[in-house]
Number of protein chains: 2
Amino acid sequence: MANHDPDLNLIFQALSDPTRRAMLARLGKGAVPVGELARPTGLALPTVMRHLGVLEQAQLIATEKTGRTRMCRARPETLAATADWLAEQRAIWEGRADRLEAYVMTLMQRGDADGPDADD
Amino acid sequence: MANHDPDLNLIFQALSDPTRRAMLARLGKGAVPVGELARPTGLALPTVMRHLGVLEQAQLIATEKTGRTRMCRARPETLAATADWLAEQRAIWEGRADRLEAYVMTLMQRGDADGPDADD
DNA sequence: ATCATGGTTAGCCATAAGACTAAGTATCAC
DNA sequence: GTGATACTTAGTCTTATGGCTAACCATGAT
């Protein structure tokens, strides 16, 4: 219910930057504080903060501050929604239904909280 | 072999614009000349041309000029490659292998010309 | 040859993106 | 309470993006 529908504009925009994709990849392995996330990029902290802002606005990550450190973690549902959009397009582009079937299969396999969510 | 490896930067950047996604959607239903592609957008031709340039550079579409009209069509392989990247990330994010399995299944199911293409 | 049609090039403008430095705020460790 | 640590905020800079108009080139029809 807390799903403020994902905005493809923001999501794709966020994914279009290699630094951000790298940060996401690192976040895929677990939550990480801002500083650690920043170090491997070689960028200044404010720059990283901005990237995080973009990712958070796109709902690809969530952050939470505890004491003086801010933890960042990935939001899989958003990536899932994006994958769904792509799968849909692919099904259309390839002009047949079997792609869509396979994709629906994966949906059924997870069949948990973040369901099909046919909003578009 | 004519696959000038897809660049995720360009692809996501291209997908981040709603106008371009709309053009892609239309292109999903078949090849269309520039003019027709432009009309529903309400944008000036040069603007549309630029969008097409972005899409073409990202290899999401291909265009070919015949006489004085230029035909545009979608490049499904590129979308597939992108979907693959997303599926990979999703598998990682969700911290287990069953996603990846499901995804590999779909790869096997198509198992035609545009296969896994482990060139990256 | 002339003209309309369909696309292309060139150039302008406004806004947004990505990066930085410098200075500020808020913990936590002494 | 001092000082280090971990972010934050503010402001600047450069380049890219998305939109336009105006003028140009190429092709098809008359």
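Which element gives the most to the surface near DNA strand D? Hold that thought for a moment, everyone, while I set the scene.

This is a predicted model, where local features need pLDDT of at least 70, side-chain atom pairs count only at pLDDT 80 or more, and totals for chains, interfaces and linings use all residues. Residues are numbered from 1 along each chain as its sequence is written, chains are lettered from A and ligands numbered from 1 in the order in which they are written, and side-chain values use heavy atoms, with hydrogens and water left out.

Let's start with the two protein copies. Chain B superposes on chain A by a rotation of 180 degrees with 0.0 Å of shift along the axis, at an RMSD of 0.0 Å; the fit is by least squares on the C-alpha atoms of residues with pLDDT of at least 70 in both. The two copies are thus related as by a two-fold rotation axis. Within chain B, the residue that comes closest to that axis is F12(B), with its C-alpha at 2.6 Å.

Now back to my opening question. The answer is α4(B), with four residues. Helices here are DSSP runs of H or I, at least four residues long, and strands are runs of E, at least two, numbered from the N terminus. Near means that a heavy atom of the residue lies within 4 Å of the strand. There are 20 residues around DNA strand D, and M49(A), R68(A), R70(A), T47(B) and H51(B) come nearest. Sugar and phosphate make up 65% of the atoms of DNA strand D that come within 4 Å of the protein.

Some polar contacts next, meaning pairs of N or O atoms within 3.5 Å; within protein, one must be able to donate a hydrogen and the other to accept it, and residues adjacent in sequence count only if both atoms are side-chain atoms. H51(B) puts a polar side-chain atom 2.2 Å from a phosphate oxygen of DNA strand D, and for R70(A) the distance to a phosphate oxygen of that strand is 2.3 Å.

What about DNA strand C? Here T47(A), H51(A), M49(B), R68(B) and R70(B) come nearest, out of 21 residues around the strand. The largest share of this surface comes from α4(A), with four residues. And which part of DNA strand C lies 2.9 Å from a side-chain N or O atom of R50(A)? It is a base nitrogen. On the phosphate side, a backbone N or O atom of G35(B) lies 3.0 Å from a phosphate oxygen of DNA strand C.

Thanks, everyone!
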